[in-house]
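The following exercises are to be worked with the sequence and the coordinates at hand. Each task is followed by a stepwise solution.

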Amino acid sequence: MRVFREKVQVSMFRQLTGLTGLAIIAVLAVPAQAEPKFSFATTPGQLPRDVIPTRYAVEITPDPKSLTTIGTEVIDIEVRKPTRTVVLNALNLKVDKARLDGQLPGTVKIDPAKQTATITFARPIATGPHKLSLAFVGQVNAQAEGLYYVRYKTDKGEKLMFGTQMEPTDARRMFPLWDEPVFRTPFALTVNLPENFKAVSNMPVASEKRLGGGLKSIAFAPTPKMPSYLLVLCAGELESLDDQASGVKIGVVTTEGKSQNGRYAQEALKKLLPYYNDYFGVGYALPKLDQIAVPGGFGGAMENWGGITYNEAILLYDPARSSQSTKEAIFNVVAHEVAHQWFGNLVTMAWWDNLWLNEGFASWMDTKATDHFNPEWEVWLRANAAKNVAMQSDARSTTHPIQQPVTDPAQAASAFDEITYQKGEAFIRMLEAYLGEAKFRDGIRRYMKAHTLSNTTTADLWAALEEASGQPVQAIAAGWTEQPGFPVVTVSSRCEGGKQRLALRQDRFTVNDPNAKALLWKVPITYGEVGSDKVESFLLADKTATTTAEGCGAPVKLNRGDTGYYRVKYEGDLFNQLKQNFSRLQTADRVNLLSDTWALVQAKQAGARDYLSLAEAAKADTNLAVWQQILATLGEIDRLQIGQPGREPFQTYARALLQPVYQRVGWDAQPGELETTGLLRSSVLASLGKFKDEAVVAEARRRFEAFVRAPESLAPNLRPPVLSVVGRYADQATYDQLLSLARKTQSTEEKRNYYAALAGALDPKLAQQTLALSLKSEEEPNLSTNLVLQVAGSGEHREMAWEFAKQNYKALLDKRAFFNRYKYLPGLVANFTEPERAQEFEAFAKANLPAEALPEVSKGAEFVRASAGIKEQQMGEVDSWACSRTKIEGGKGTQFCLGVN
Ligand SMILES: [Zn+2]
């Protein structure tokens with residue numbers, strides 16, 4: 001699955017620091033005990049294992065008018081020891097007419113808390129095969145959980161589409177079943193629908209017949225044995241773009257009139273299928289693979305086997321209207337979901353405690369495959385940003401190991417986080433670099449072959465990689481997947497006999513967590529002299545190590561190529577040497593040094609001036625990844641400066657820092673320029689607009705007016721920055737214009753851009769109007785509730801949005817799917833930078849939210865405390881740096897800087 005990372009949500013996981021003490025903790029943790037390889041009997045789960053499903057035949061009739069369903073199912077079961085009761089999952093369903101083998105009636109008891117249905121029979125069922133038949137009544141949900149509906153606009157009026165989202169634990173909302181991934185079972189699905197509907201599921205349509213009364217019945221071919229979370233059903237007035245690739249029937253399925261915009265995703269799939277067939281060493285397993293575009297607010301994408309669903313904003317590409325970042329997102333998400341067709345679908349983690357096997361691997365593979373087919377996008381360089389998101393979260397007290405116990409649906413939903421995805425990706429990348437690309441791939445091929453159509457644990461993956469590489473993978477990996485956090489490697493150098501003697505020491509890297517348990521890792525270290533391609537490597541297995549490098553005084557860089565998941569702190573002259581030689585570093589090393597330096601600032605192991613002086617050394621840089629790192633950090637400092645007197649001089653300083661790159665990229669694309677230059681331009685313009693660059697704001701307004709008259713006048717790449725700048729400084733008339741554009745468009749990509757722009761308005765009167773919109777039902781629930789997050793984030797009305805959310809939390813949370821419900825308020829509160837807000841939020845949550853929401857609450861509160869820490873510790877240094885580097889002409893800035901200097 002891929003979860004939409006909107007700007008406001010990402011901000012939750014951005015930069016922070018805190019109140020780390022210098023406490024030295026002497027106790028070193030003993031590595032956790034390794035988990036066993038997969039076995040059905042020892043896999044965790046809620047359901048008893050004495051009855052096992054072996055086949056489902058389900059018939060369901062969803063009614064587009066009443067938004068209810070009626071259905072029947074016959075489940076082939078295998079009874080392993082005599083029992084009178086059968087326990088399976090059901091949620092928000094009315095289940096009755098239970099019968100065994102067509103005769104023996106059973107009574108059904110629903111337990112809403114456990115989300116189960118228990119069927120009790122008058123006498124024990126003998127061991128062996130039986131047939132359990134059930135009838136049920138359920139709902140079609142407004143949120144993307146189980147079977148849901150979306151409404152969307154067309155030229156012929158409003159229409160309705162059905163979709164499903166089952167992962168992690170929502171298939172049980174559609175019909176009763178064993179809803180745990182270890183119960184791999186074939187599904188034979190039949191659906192009864194209005195005659196003008198088309199329907200798509202995991203497998204091709206086997207038969208279709210008319211039922212009369214305007215209905216038809218569609219039966220799909222049975223699936224292979226698969227986990228329930230991969231089931232899919234989409235239906236509506238759909239059309240599809242059909243093709244073939246590697247002997248597989250492929251299609252992009254959209255609402256009517258949009259299938260031509262599926263060409264780009266179709267081409268991506270045609271490249272990826274043969275690539276993955278080769279990489280995994282096993283061919284794609286099903287006869288067809290559809291990619292389904294869902295309009296509205298359904299979040300992200302889901303790898304349902306043979307029928308992947310996407311929010312249409314990350315599947316459909318309109319060359320006349322879609323930006324480069326949309327194009328990249330499409331390739332990347334397609335690469336992610338298609339990788340899951342093997343890693344996750346053909347071979348599945350046994351339980352949610354190993355979710356990282358699915359998501360860490362697919363995240364790594366999507367970057368690898370995107371880079372393979374689009375090397376000019378430099379996605380590995382830019383993957384530093386995603387790694388940073390994980391490392392920042394992983395440095396706080398609220399982090400957790402990649403592998404963590406999961407006992408209920410809230411914990412399963414919570415596992416879909418940056419540790420599972422981005423730390424998982426970064427760790428796999430480090431491991432691949434250590435073992436070598438070919439050996440790593442051979443291990444993956446062994447793993448696929450050995451576990452086809454079955455389940456696994458992490459131990460099974462390590463075993464396959466050990467066989468292929470001959471390396472002790474389990475021993476290296478345990479520290480990274482079974483312990484929280486990661487190390488900072490401190491390096492110092494001294495000259496001995498004409499050579500540098502490097503002393504290395506590892507410590508756990510933390511932010512605002514002085515009592516963190518001391519831990520050790522087996523760290524794959526790489527290092528080399530700046531300007532040389534020669535890279536040395538070794539495994540730092542102990543607390544300290546020494547090694548040598550050529551040439552005293554030559555700058556040495558660790559974590560070459562940015563492939564490692566650790567921070568590096570350079571002591572003595574080493575840091576200054578790297579700064580002086582910044583332009584000679586390879587690009588990945590420049591990005592890595594910038595992000596490590598900012599992380600050390602957050603941890604109070606460096607000062608803000610260390611980072612800002614490095615950013616100045618990067619002034620002449622032309623690389624997108626370097627600038628994205630700098631722009632993200634400047635944006636974070638600007639966020640911490642909200643409401644502070646130092647904000648104006650800081651913004652003046654930031655504008656001056658960005659002038660050279662702005663002069664270079666300008667407003668308009670040059671013929672033949674790199675696609676990454678288009679992205680750099682839009683990022684720089686958005687930042688300058690945010691930092692109140694008057695010329696950029698005026699030009700954005702001019703271009704927006706021209707766009708309203710003639711949309712084709714504004715290049716697709718310029719639309720997101722122009723809209724965000726215009727929205728930020730909007731008056732009522734501009735706001736109304738944006739709102740009318742948002743309401744009118746039939747493109748989800750455009751709708752999201754317009755709403756994000758108007759929700760970012762600084763004018764408090766407009767912010768109030770946006771908050772009111774969030775409770776109206778004019779847009780899909782996810783999209784409308786996101787408005788509150790955007791008012792607090794880009795709109796900077798934290799107080800107003802929080803007060804609003806406190807008043808209306810029930811209505812707002814009801815609009816969120818269970819999957820992302822508990823992350824909602826923490827994401828909003830994370831915009832604060834005052835420690836008392838963290839406390840207030842915790843008290844509010846304790847009084848008003850269920851206990852299962854509290855772990856996410858802690859993460860949000862800790863984020864606020866960490867932000868408060870860096871604000872208090874570092875903003876003084878930012879102020880004096882900004883004032884001393886900038887001539888502030890007139891205004892409050894001058895007065896403030898007089899006081900500072
Ligand atoms: Zn995924």
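Two residues are in contact when heavy atoms of theirs lie within 4.5 Å of each other. The model used throughout is predicted.

**Exercise 1.** Determine where Q577 lies, which residues Q577 touches, and whether Q577 is buried or exposed.

*Solution.*
Step 1. Locate the residue: Q577 belongs to helix 11, which spans residues 574–580.
Step 2. List the contacts, leaving out residues up to four places away in sequence: Q577 touches G553, A554 and P555.
Step 3. Apply the cut-off for burial, which is under 20% relative accessible area. Q577 has a relative accessibility of 17% and therefore counts as buried.

**Exercise 2.** Identify the donors of the zinc ion and describe how they are placed in the sequence.

*Solution.*
Step 1. Collect the donor atoms: M1 contributes N and O, H336 and H340 each contribute NE2, and E359 contributes OE. The coordination distances are 2.0 to 2.5 Å.
Step 2. Write the spacing of the donor residues, which reads M-x334-H-x3-H-x18-E.
Step 3. Place M1 and H336 along the chain. M1 is in the segment before helix 1 (7–12), whereas H336 is in helix 3 (residues 324–340). The two are 335 residues apart, and the pair links distant parts of the chain.
Step 4. Check accessibility against the limit of under 20% for buried residues. M1, at 3% relative accessibility, is buried; H336, with a relative accessible area of 0%, is buried as well.

**Exercise 3.** Establish the strand order of the open sheet of 10 strands and find which strands stand at its edges.

*Solution.*
Step 1. Read the order across the sheet: 3-6-5-4-7-2-1-10-13-12, with mixed pairing.
Step 2. Inspect the ends of this order. Strand 3 (83–89) and strand 12 (205–212) each have a single partner strand, so one side of each lacks a neighbour in the sheet.
Step 3. Add the geometry: from one strand to the next, the twist averages 20°.
Step 4. Examine one pair. Strand 1 (residues 51–62) and strand 2 (residues 68–79) run antiparallel and share 11 bridges. Within this pair, V51 has V79 of strand 2 as its bridge partner.

**Exercise 4.** State how the protein is divided into domains and how far apart the C-alpha centres of domain 2 and domain 4 lie.

*Solution.*
Step 1. The division gives domain 1 (52–236), domain 2 (237–349), domain 3 (350–482) and domain 4 (486–584).
Step 2. The C-alpha centres of domain 2 and domain 4 are separated by 42 Å.
Step 3. Consult the record: in an unreviewed entry, UniProt lists residues 53–230 as "domain: Aminopeptidase N-like N-terminal". Residues 53–230 are 0% helix and 62% strand, and the end C-alpha atoms of the span lie 16 Å apart.

Definitions and conventions: Residues numbered from 1 in each chain as written. Predicted model: local features only at pLDDT ≥ 70, side-chain atom pairs only at ≥ 80, totals over all residues. Heavy atoms only, no water. Pairing = 2+ DSSP bridges. Helix = DSSP H or I, 4+ residues; strand = E, 2+ residues; numbered from the N terminus. Axes fitted to C-alpha atoms, helices over the stretch in contact; angles between N-to-C directions. UniProt positions renumbered as here; feature names shortened; annotations may be inferred. Donors = N, O, S within 2.8 Å, 3.2 Å for Na, K, Ca; no water. Buried < 20%, exposed > 50% of the residue type's maximum accessible area, 1.4 Å probe, protein only. Domains from an automatic or database assignment.
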